[in-house]
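Work through the three exercises below with the sequence and the coordinates at hand, and try each task before reading its solution.

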Amino acid sequence: MVNTLTPAATGRAAPGTRVAGPAVNGSSRTHRRQAVVAYLFLAPTLLFFAVFLILPLGFALMLSMSRWAGFDLGDIEQVAGENFAGLFADGSTFLAPILTNTLLFALGTVVLALAGSVVVATCIDNLRFQGLWRTLYFLPIVTTVVAVGNVWKYMYEPGGLVNGTLNALGLGSVAFLQDPDTALPSVVVVQAWASVGSAILVLTAGLKSIPESYYEAAALDGAGPVTVFRKITLPLLRPSLLLVCITQLISGLQSFALITVMTKGGPGDATNVAALEMYRQAFSYGRWGPASAAAFVLFVVVLMVTLAQLWIFRRKGEDA
């Protein structure tokens, strides 16, 4: 006798058929409630970013295409791309020397800080009481920029420690911050010295992550310290080096406080950088439009330099 009952008649679903039942609907409602609760917990953070990041960014973008003295919002006058054109017009000092000084300052800081931190981190990795040494080198980071800048400013004075040391060695005094040729390199040295501590922490962590078996194998093969450093340490330290390069370069491109304390952009425009020029245009001259336009130009420069660094490291085999 043939069974003529269909799956619907028996109350059973056919194989492979999904039935929307109370369990599925209940699970969907649970997920919606969880999503609502999650967004409620995220609301303060999202509100913070909206008020202090998104809205100021939009206002700055509007000002970059406007003329405004910084007082009455009703006085904002739209000028399209006039502010950007003024930055690159003939006779403008934004490209040279301001943007040039910014790039030189950032690159010099990265080179000195990276070279010094690699050497120091490698030495600390082979010493006892490593925590003590890392703490000592990290102290400039927790010291305020104003304090660091003023101390080094007095050290650079004609009767300061640096010139006193040079005189003791039979060398003449140098006008470090008063000479346009030496002012920018002098500030670069201070910025690099102050940022070595954070770079050492990152590089020390990278050195600790390198397996000891690599060094043991190199010792068995008779490799010398220089070969081990070039063939093992530096290649395996590349992710940490990338992080240090990017953070130090961004910090150098955005530098403002140290230069303000030590030179105020002088002598002349020898140490004037983009962040200081933006401050002057906005708060000293009341030209908020050009200041906002310069800020977006600096943002593009930082983005391009960062992407270039990532591309260079990835070409060498590092997926960052």
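The exercises that follow concern a predicted model, and each solution proceeds in steps.

**Exercise 1.** Determine where Q281 lies, whether Q281 is buried or exposed, and which residues Q281 touches.

*Solution.* Begin with the secondary structure, where Q281 is placed in helix α13, which spans residues 274-284. Next consider accessibility: the relative accessible area of Q281 is 12%, and since buried means under 20%, Q281 counts as buried. Then turn to the side chain, which is joined to the side chain of E277 by a polar contact of 2.8 Å. Finally, once residues up to four places away in sequence are set aside, Q281 touches G286, R287, W288, P290 and A291. G286 also deserves attention for its backbone, as this residue follows α13 and has a positive phi, near 65°.

**Exercise 2.** Establish how many residues of α13 are buried, and what covers them.

*Solution.* Start from the count, which shows that α13 is mostly covered, with 8 of its 11 residues buried. The buried residues are then identified as A274, A275, L276, E277, M278, R280, Q281 and A282, a list that holds both E277 and Q281, the partners in the polar contact of 2.8 Å. As the last step, look for what lies over these buried residues: the cover includes α4 (94-124), α12 (257-262) and α14 (288-315).

**Exercise 3.** Describe how helices α9 and α10 pack, giving the angle, the handedness of the crossing and the residues of the contact.

*Solution.* First take the geometry: α9 (residues 212-220) and α10 (residues 225-236) pack at an angle of about 165°, and their axes are 11 Å apart. Because angles over 145 degrees count as roughly antiparallel, α9 is roughly antiparallel to α10. The handedness comes next, and the crossing of α9 and α10 is right-handed. The contact itself is made by Y214, Y215 and A218 on the α9 side, and by V228, I232, T233 and L236 on the α10 side. Sorting the residues of this contact by character completes the solution, with 6 nonpolar, 1 polar and no charged.

**Exercise 4, a short supplement.** State which helix holds V189, how accessible V189 is, and which residues are in contact with V189.

*Solution.* V189 is found in helix α8, residues 180-208, and its relative accessibility of 35% makes V189 partly exposed. Leaving aside neighbours within four places in sequence, V189 is in contact with L112 and Y156.

Note on methods:
Residues are numbered from 1 along each chain as its sequence is written. This is a predicted model: local features need pLDDT of at least 70, side-chain atom pairs count only at pLDDT 80 or more; totals for chains, interfaces and linings use all residues. Side-chain values use heavy atoms; hydrogens and water are left out. Helices (H or I, at least four residues) and strands (E, at least two) are DSSP runs, numbered from the N terminus. Buried means under 20% relative accessible area, exposed over 50%, partly exposed in between (1.4 Å probe, protein chains only). A polar contact is a pair of N or O atoms within 3.5 Å; within protein, one must be able to donate a hydrogen and the other to accept it, and residues adjacent in sequence count only if both atoms are side-chain atoms. Contact means heavy atoms within 4.5 Å. Axes are lines fitted to C-alpha atoms, for helices over the stretch in contact, and angles run from 0 to 180 degrees between N-to-C directions. Angles under 35 degrees count as roughly parallel, over 145 as roughly antiparallel, 65 to 115 as roughly perpendicular and the rest as oblique. A crossing is left-handed if the near helix is turned anticlockwise from the far one by less than a right angle, and right-handed if clockwise. Ala, Val, Leu, Ile, Met, Phe, Trp, Tyr, Cys and Pro count as nonpolar, Asp, Glu, Lys and Arg as charged, and the others, Gly among them, as polar.
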